[in-house]
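The following exercises concern the ligand site and the sheets of one protein model. Each task is followed by a solution in steps.

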Amino acid sequence: MDAHTTTREQLDAQSLFIGGEWVEPSSSARIEVRSASSEERIGSVPEAQEADVDAAVAAARRAFEDPSGWSRWEPSKRADAMDRLADEYEKRGDQLARLVAAQNGMPISIAEQLEGGFPVAVMRYFSGLTRTAQFEESHPHLMGGTTTVRREPIGVVGAIAPWNFPQTLAAFKYAPALAAGCTVVLKPSPETVLDSVVLAEAIIAAGLPPGVINIVPGGREIGAHLVSHRGIDKVAFTGSTAAGRSIAETCGRLLRPVTLELGGKSASIILDDANLDLAEIGENLFGATFLNNGQTCFLGTRVLAPRSRYDEVVGMMEAFANSLAVGDALDPATQIGPMASERQRDRVEGYIAKGSGDGARLVTGGGRPADLDRGWFVQPTIFADVDNNHTIAQEEIFGPVLSIIPYGDEAEAISIANDSDFGLGGSVWTADGERGFDVAKRIHTGTIGINHYMVDPSSPFGGVKDSGIGRELGPDAIGNFQHVKSIYR
Ligand code: NAD
């Protein structure tokens, strides 16, 4: 057992979770974490070095190659183990939610659902698929005889998660990987490492065989070492487009399969017949535009408003932003918490200055909340009269900042929505569901909602253009972690 000390949202770990055990790190380097809300130190973990990544990859390789091990188990036996992991995770859901909220500023009410609960749903979805999926099928060989097509696990997976939904986005990777029979080396982001210690405890309690999941907390150098490691067969990444490009280059050179979930700058398209009553749409609008303090890749941060109802939309969005409770992420009443880091707040403030400088009209927000003298807070901010070519309409801000862009007719709304380097999420707001569906079909994006936005674990999730390559979730996601072999008999 690791000699780590833990309170409700304070945790100091002394060891790394590699090969099913808490092991001595190769160096004394540590990652210190501060609370996004209070800026106080809330914990630390050892920082993995290249030698630790090498040990983790070796442990995952041993687990994968074990002739009677994980990759050779009957699918139902793997599914049972995944269900045990889901159960152990669920028992720790509150602690995981509190740790994530303390670290990255996610409001606890959201963290409980998304970081505490969603990974459980994802694990159970993939354990269910493991029981029913066809891993082998035979059919007549066209030239005579029989061909057996086997979906075999691809091997050892390097999984790299960002800080905004650290547990959920990790589960998007390891759950289908485990379903396929792969083993995993998970690298959490340095901003959110404390929760990964609790995930390791859940893995131990669930009795997963040693080395099936290993965890190496570290920054981008360690991530790059993992991506290019000889012992890695597949890379699954979520994070910025810049990092994704660099990872894709490495994987291209190595001919290593990779899936990339990257940034977004999606559109919330308000059609001229939309219901603008905040009492009715506020909760859904929140999930589509401001979720997790704007630190969510799929948000529709470009709000497209018809000129015929432009002032009404601006007024509604102003009232909406002003109604949101900004405060400590661990306060159950908080709707908007702080940015995950000081660096992230600086970035968001830089974009706000750029928006005003480019001539957009600041409707509300734009600064730091006057009543909060610590924590990396930014007020919910609305810009109106934004041109789609403005930097704040083209680049991902990753903060609580929305840009309202006027349009004339529906065709222009679609054209503006598609005039983006990204294509990850989005939403259409209308009183007519069929009309919304027609518009949704014409948006170049990987996912889109009508009058709300909610990721569905049982359907593919991912982006087009600079938002990434490949899809996570849904029945096909297991295929990301398999190669297909034809045996002619
Ligand atoms: P990032 O891409 O730098 O980091 C994400 C993860 O990748 C971290 O674990 C990081 O250590 C690792 N990493 C970074 N560079 C790497 C490399 N070359 N090789 C291997 N691993 C590498 O993201 P960030 O700096 O933490 O956040 C900045 C921006 O990223 C945000 O403003 C947002 O635009 C975007 N982002 C997107 C998502 C998403 O879900 N799509 C999530 C988080 C961040």
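**Exercise 1: The ligand site**

The ligand occupies the largest pocket of this predicted model. Determine which elements give two or more residues to the shell around the ligand, and identify the side chains whose polar atoms approach its oxygen atoms.

*Solution.*

Step 1. The elements that contribute two or more residues to the shell are α7 (220-228), β12 (234-238), α8 (241-254) and α11 (342-357).

Step 2. The ligand is surrounded by 28 residues, of which W163, R220, S240, L262 and E396 come nearest.

Step 3. Polar contacts are taken as pairs of N or O atoms within 3.5 Å. For R220, a side-chain N or O atom is 2.8 Å from an oxygen atom of the ligand. The side chain of K187 has an N or O atom 2.9 Å from a ligand oxygen atom. A polar side-chain atom of R347 also lies 2.9 Å from an oxygen atom of the ligand.

Step 4. On its own the ligand has 810 Å² of accessible area, and the protein covers 94% of this area.

**Exercise 2: The six-stranded sheet**

State the strand order of the open sheet of six strands, and explain why one side of β11 and one side of β23 are left without a neighbour.

*Solution.*

Step 1. The order is β11-β10-β9-β12-β13-β23, and the pairing is mixed.

Step 2. β11 (213-215) and β23 (468-469) stand at the edges with a single partner strand each, so one side of each has no neighbour in the sheet.

Step 3. Within this sheet, β9 (residues 156-160) and β10 (residues 183-187) pair in the parallel sense over five bridges. V157 has V184 in β10 as its bridge partner.

**Exercise 3: The seven-stranded sheet**

Give the strand order of the open sheet of seven strands, and establish whether β14 and β15 pair in the parallel or antiparallel sense.

*Solution.*

Step 1. The strands follow the order β16-β17-β18-β15-β14-β20-β21, with mixed pairing.

Step 2. The edge strands, β16 (361-364) and β21 (449-450), each pair on one side only.

Step 3. Strand β14 (residues 267-270) runs parallel to β15 (residues 302-306), with three bridges between them. A267 stands opposite R302 in β15.

**Exercise 4: The annotated span**

Which residues does the annotated domain cover, and what is the helix and strand content of that span?

*Solution.*

Step 1. An unreviewed UniProt entry carries the annotation "domain: Aldehyde dehydrogenase" for residues 22-487.

Step 2. This span is 40% helix and 19% strand, and its end C-alpha atoms lie 41 Å apart.

How values were computed. Residues are numbered from 1 along each chain as its sequence is written. This is a predicted model: local features need pLDDT of at least 70, side-chain atom pairs count only at pLDDT 80 or more; totals for chains, interfaces and linings use all residues. Side-chain values use heavy atoms; hydrogens and water are left out. UniProt positions are given in the numbering used here, feature names are shortened, and annotations may be inferred rather than shown by experiment. Helices (H or I, at least four residues) and strands (E, at least two) are DSSP runs, numbered from the N terminus. Two strands pair if DSSP finds at least two bridges between them. A residue is near a molecule or strand if one of its heavy atoms lies within 4 Å of it. A polar contact is a pair of N or O atoms within 3.5 Å; within protein, one must be able to donate a hydrogen and the other to accept it, and residues adjacent in sequence count only if both atoms are side-chain atoms. Accessible areas come from the Shrake-Rupley method with a 1.4 Å probe; for residues, only the protein chains shown count as cover. On a 1 Å grid over the protein atoms alone, a cavity is a set of points where a 1.4 Å probe fits but cannot get out, and a pocket is an open set with protein on both sides within 12 Å along at least five of seven lines; lining residues have an atom within 4 Å of a point. A molecule sits in a cavity or pocket if more than half of its atoms lie within 2 Å of its grid points.
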